[in-house]
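These are my notebook entries on one chain, set down in the order in which I looked things up. I begin with the surface and the overall make-up, then turn to helix pairs and single residues.

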Amino acid sequence: MGSLSVHEVDWSIVGPALIAGLLVLATHVPLGLQVLRKGIVFIDLAIAQIAGLGVIAADALGWEPQGWAVQGAAVLAALSGAALLTWTEKRWPEIQEALIGTLFVLASCVGILLLAGNPHGGEHLKDLLVGQILWVSTGQLWAVAGLSALVLALWFGLGARLGRAGFYLLFALAVTASVQLVGVYLVFSSLIMPALAVRNALPGRQLTLAWGAGALAYALGLALSAMVDMPSGAVVVLAMALICIALSAMIRKRPETP
């Protein structure tokens, strides 16, 4: 094997990618804490995969990539998945996690079948899973920033009044935007890893600690991936895992009240 070369970090590329990661964290950290409390950890994988299926279907129809029609297809697919999960949680709450996993597998398989005849199918699938965070555009960042502001305003403004349907709706909107920025793997990591890391922290400190851990992971992961020329999404996921493990170890478990 050849020696590993180290490159200088080009912040003109890494900077927008870091902003994209912070935008994802802005909505996914509070949503992730709620997902962990509800015990429906794999919901983001299912919704993200369904949103990705909408993008794949639009591409199969020959629609312009990154166009409004493709975005609409992704949102419509995600909202349909959210509506279905809202109904299943009300109808069969005891098996909701199993149904979420089943929906994820089905959406994945349909996507693979749609890409089977596409000569660039493997590349499209990789982009969906790992993302292309280093190549986000300014237009994408502004669009996601606006959507994130709306999601956060509704989340913190309405709180419990959102109900089951409102939660799934906001979740679908947030994940649909995020999966096209950073890919399915980083969406899941941003949602679950920081929430797991701070689960034993005082409730009033959980959001701040989780946001901080996620932001540090994106900054270090993106810089490291640029320095060693490795896939950014995968490096950020590993960085987030290590940072969240360290944070979890630093937070002592609170004694249960008698």
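Before I quote a surface figure, I note that accessible areas here come from the Shrake-Rupley method with a 1.4 Å probe. On that basis I read that the chain exposes about 13,300 Å², with carbon and sulfur atoms supplying 69% of this area. I keep in mind throughout that the model is predicted.

Entry on overall make-up. I looked up the secondary structure and found 10 helices and zero strands, so that definition of the elements, as DSSP runs numbered from the N terminus, is what I use for the helix numbers below. Read from the N terminus on, the order is α-α-α-α-α-α-α-α-α-α. Of the 258 residues of the chain, 45% count as buried. I then looked at contacts between residues at least 6 apart in sequence, and 81% of these join residues at least 24 apart.

Entry on helix 1 and helix 9. How do the axes of helix 1 and helix 9 cross? I find that helix 1, residues 11–38, and helix 9, residues 203–228, have axes that come within 9 Å and cross at roughly 145 degrees. The crossing in which helix 1 passes helix 9 is right-handed. Sorting the residues of this contact by class, I list 20 nonpolar, three polar and one charged.

Entry on V14. I chose V14 as a residue of helix 1, and asked whether V14 is buried or exposed. Its relative accessible area is 2%, and because the cut-off for buried is under 20%, V14 counts as buried. Leaving aside neighbours within four places in sequence, I find V14 in contact with V9, L134, L222, A223 and A226. I also recorded the pair V14 and V136, which are 122 residues apart in sequence, while their C-alpha atoms are 9.9 Å apart in space.

Entry on helix 6 and helix 7. I next took helix 6, residues 138–158, with helix 7, residues 163–182, and found that their axes come within 10 Å and cross at roughly 160 degrees. Since angles over 145 degrees count as roughly antiparallel, helix 6 and helix 7 are roughly antiparallel to each other. Helix 6 passes helix 7 in a left-handed crossing. On the helix 6 side the contact is made by Q140, V144, L147, V151, L154 and W155, and on the helix 7 side by F167, L170, L173, A177, Q180 and L181. By class, I note 10 nonpolar, two polar and no charged residues in the contact of helix 6 with helix 7.

Entry on L173. From that contact I followed L173, which is placed in helix 7. Its relative accessibility is 21%, and L173 therefore counts as partly exposed, the band between the 20% and 50% cut-offs. Not counting residues up to four places away in sequence, L173 touches V75, L79 and L147. I also looked up L173 with A74, and this pair is 99 residues apart in sequence and 9.5 Å apart in space, C-alpha to C-alpha.

Entry on D229. Where is the place of D229? I find D229 in the loop between helix 9 and helix 10, the latter spanning 232–250. Although D229 is not a glycine, its phi is positive, at about 60 degrees. With 59% relative accessibility, D229 counts as exposed.

Definitions and conventions. Residues are numbered from 1 along each chain as its sequence is written. This is a predicted model: local features need pLDDT of at least 70, side-chain atom pairs count only at pLDDT 80 or more; totals for chains, interfaces and linings use all residues. Side-chain values use heavy atoms; hydrogens and water are left out. Axes are lines fitted to C-alpha atoms, for helices over the stretch in contact, and angles run from 0 to 180 degrees between N-to-C directions. Helices (H or I, at least four residues) and strands (E, at least two) are DSSP runs, numbered from the N terminus. A crossing is left-handed if the near helix is turned anticlockwise from the far one by less than a right angle, and right-handed if clockwise. Ala, Val, Leu, Ile, Met, Phe, Trp, Tyr, Cys and Pro count as nonpolar, Asp, Glu, Lys and Arg as charged, and the others, Gly among them, as polar. Buried means under 20% relative accessible area, exposed over 50%, partly exposed in between (1.4 Å probe, protein chains only). Contact means heavy atoms within 4.5 Å. Angles under 35 degrees count as roughly parallel, over 145 as roughly antiparallel, 65 to 115 as roughly perpendicular and the rest as oblique.
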